[in-house]
Each structure stands twice: as structure tokens, then as C-alpha cells.
Amino acid sequence: MESDLSLFSINSLKSMEVIDISTGTRMGYIKDFVVDCDGYKVESVIIPYGKVSFFAKDNYVEVPWDKIYKIGVDVILVEGEDYMENE
């Protein structure tokens, strides 16, 4: 039986746009990952949001890895409506 295991590099994941499947909102691009070094797995992804400037406070959304619905060719679909703040 063939397994459906796909491997992606960190650079390829960071270049994919993250989309919330609940609202269709573009959340942005992955900035960083939270990794469990003892369990050897990714715990969550960090996505910056809001206006980016030199003096602005860094705003970001942390989406748990289990909320990632599908990783496609050029987008990552997440269930992220609980993580996005209304601006």
C-alpha cells in the first residue's frame, strides 16, 4: 500500500501563501515555525499580519500545526478564523 507522505522544505513552505478556508482570507506567508525538539515535529507556524514598518510592534498569528488542512502546490489551507483578529 502506497503512503500519502509528502515532504516539503522549509523554504518552499515559507514561499506558499496561507489561506483561511473558513473565510477565504489571505493570512500571509509563514515567517517562522515552532518546533518540538524532543518530539521532532512542528508544533505551529507563525504568520505576521498587519502593517509592517520599522517602528511598528511585531504582530503575528500562531496557528497550530493540526489546524493546517492541506498543503498544496502553491498555497497552504488552514482553519484560522479563531486566530485572526478583526482590524
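These questions and answers go through a predicted model of one protein chain.

Me: How many strands does the secondary structure of the protein chain come to?
Reply: Read along the sequence, the pattern is α-β-β-β-β-β-β-β. The α stands for the helix, and the secondary structure has 1 of these. The number of strands in the protein chain is 7.

Me: Which strands stand at the edges of the sheet of 4 strands?
Reply: This open sheet has the order β2-β1-β7-β6, with mixed pairing. A strand at the edge has a single partner strand, so one side of it is left without a neighbour in the sheet. The edge strands are β2 (26-29) and β6 (68-71).

Me: By how many degrees are neighbouring strands of that sheet turned against each other on average?
Reply: The sheet in question is the open one with the order β2-β1-β7-β6. The average is taken over neighbouring strands, with direction ignored. The value is 25°.

Me: Which residue in β2 does E17 stand opposite?
Reply: E17 is found in strand β1. Strand β1 (residues 17-20) pairs with β2 in the antiparallel sense, over 3 bridges. Opposite E17 in β2 stands Y29.

Me: Is E17 buried or exposed?
Reply: A residue is buried if its relative accessible area is under 20%. E17 has a relative accessible area of 18%. By that cut-off, E17 counts as buried.

Me: Which residue forms a salt bridge with E17?
Reply: Side chains of opposite charge can pair when their charged atoms come close. The structure holds 1 salt bridge. E17 is in contact with R26, G28, Y29, D74, V75 and I76, leaving aside neighbours within four places in sequence. With the closest N and O atoms 3.8 Å apart, the residue that forms the salt bridge with E17 is R26.

Me: Is R26 buried or exposed?
Reply: Exposed residues have a relative accessible area over 50%. For R26 the relative accessible area is 63%. R26 is therefore exposed.

Me: What is the order of the strands in the sheet of 3 strands?
Reply: This sheet is open, and its pairing is antiparallel. The edge strands are β3 (32-36) and β5 (60-64), each of which pairs on one side only. The order is β3-β4-β5.

Me: Which residue in β4 is the bridge partner of V34?
Reply: Strands of a sheet pair through backbone hydrogen bonds, either parallel or antiparallel. Strand β3 and strand β4 (residues 41-48) run antiparallel and are joined by 5 bridges. In β4, the bridge partner of V34 is S44.

Me: Where does N59 lie?
Reply: N59 touches P48 and Y49, not counting residues up to four places away in sequence. N59 and I47 are 12 residues apart in sequence and 8.6 Å apart in space, C-alpha to C-alpha. At 32% relative accessibility, N59 counts as partly exposed. N59 lies in the loop between β4 and β5.

Me: Which elements give two or more residues to the largest nonpolar core?
Reply: In soluble globular proteins, nonpolar side chains tend to be buried together. The largest nonpolar core here has 15 residues, and those with the most contacts inside it are V18, M27, V45, V63, I76 and V78. The elements that give two or more residues to this core are β4, β5, β6 and β7 (75-78).

Me: What is the relative accessible area of I76?
Reply: I76 lies in strand β7. Not counting residues up to four places away in sequence, I76 touches L13, M16, E17, V18, I19, I30, I68, K70 and I71. I76 is buried, and its relative accessible area is 2%.

Me: How many Å apart in space are I76 and K14?
Reply: The two residues are 62 residues apart in sequence. Their separation in space is taken from C-alpha to C-alpha. I76 and K14 are apart by 9.9 Å.

Me: What share of the residues in the protein chain do buried residues make up?
Reply: The protein chain has 87 residues. The accessible surface of the chain comes to about 6,900 Å², of which 51% belongs to carbon and sulfur atoms. A residue counts as buried at a relative accessible area under 20%. Buried residues make up 25%.

Note on methods. Residues numbered from 1 in each chain as written. Predicted model: local features only at pLDDT ≥ 70, side-chain atom pairs only at ≥ 80, totals over all residues. Heavy atoms only, no water. Pairing = 2+ DSSP bridges. Salt bridge = Lys/Arg side-chain N within 4 Å of Asp/Glu carboxyl O. Buried < 20%, exposed > 50% of the residue type's maximum accessible area, 1.4 Å probe, protein only. Axes fitted to C-alpha atoms, helices over the stretch in contact; angles between N-to-C directions. Core = buried A, V, L, I, M, F, W, Y, C linked by side-chain atoms within 4.5 Å. Contact = heavy atoms within 4.5 Å. Areas by Shrake-Rupley, 256 points an atom, 1.4 Å probe, with all protein chains shown as cover.
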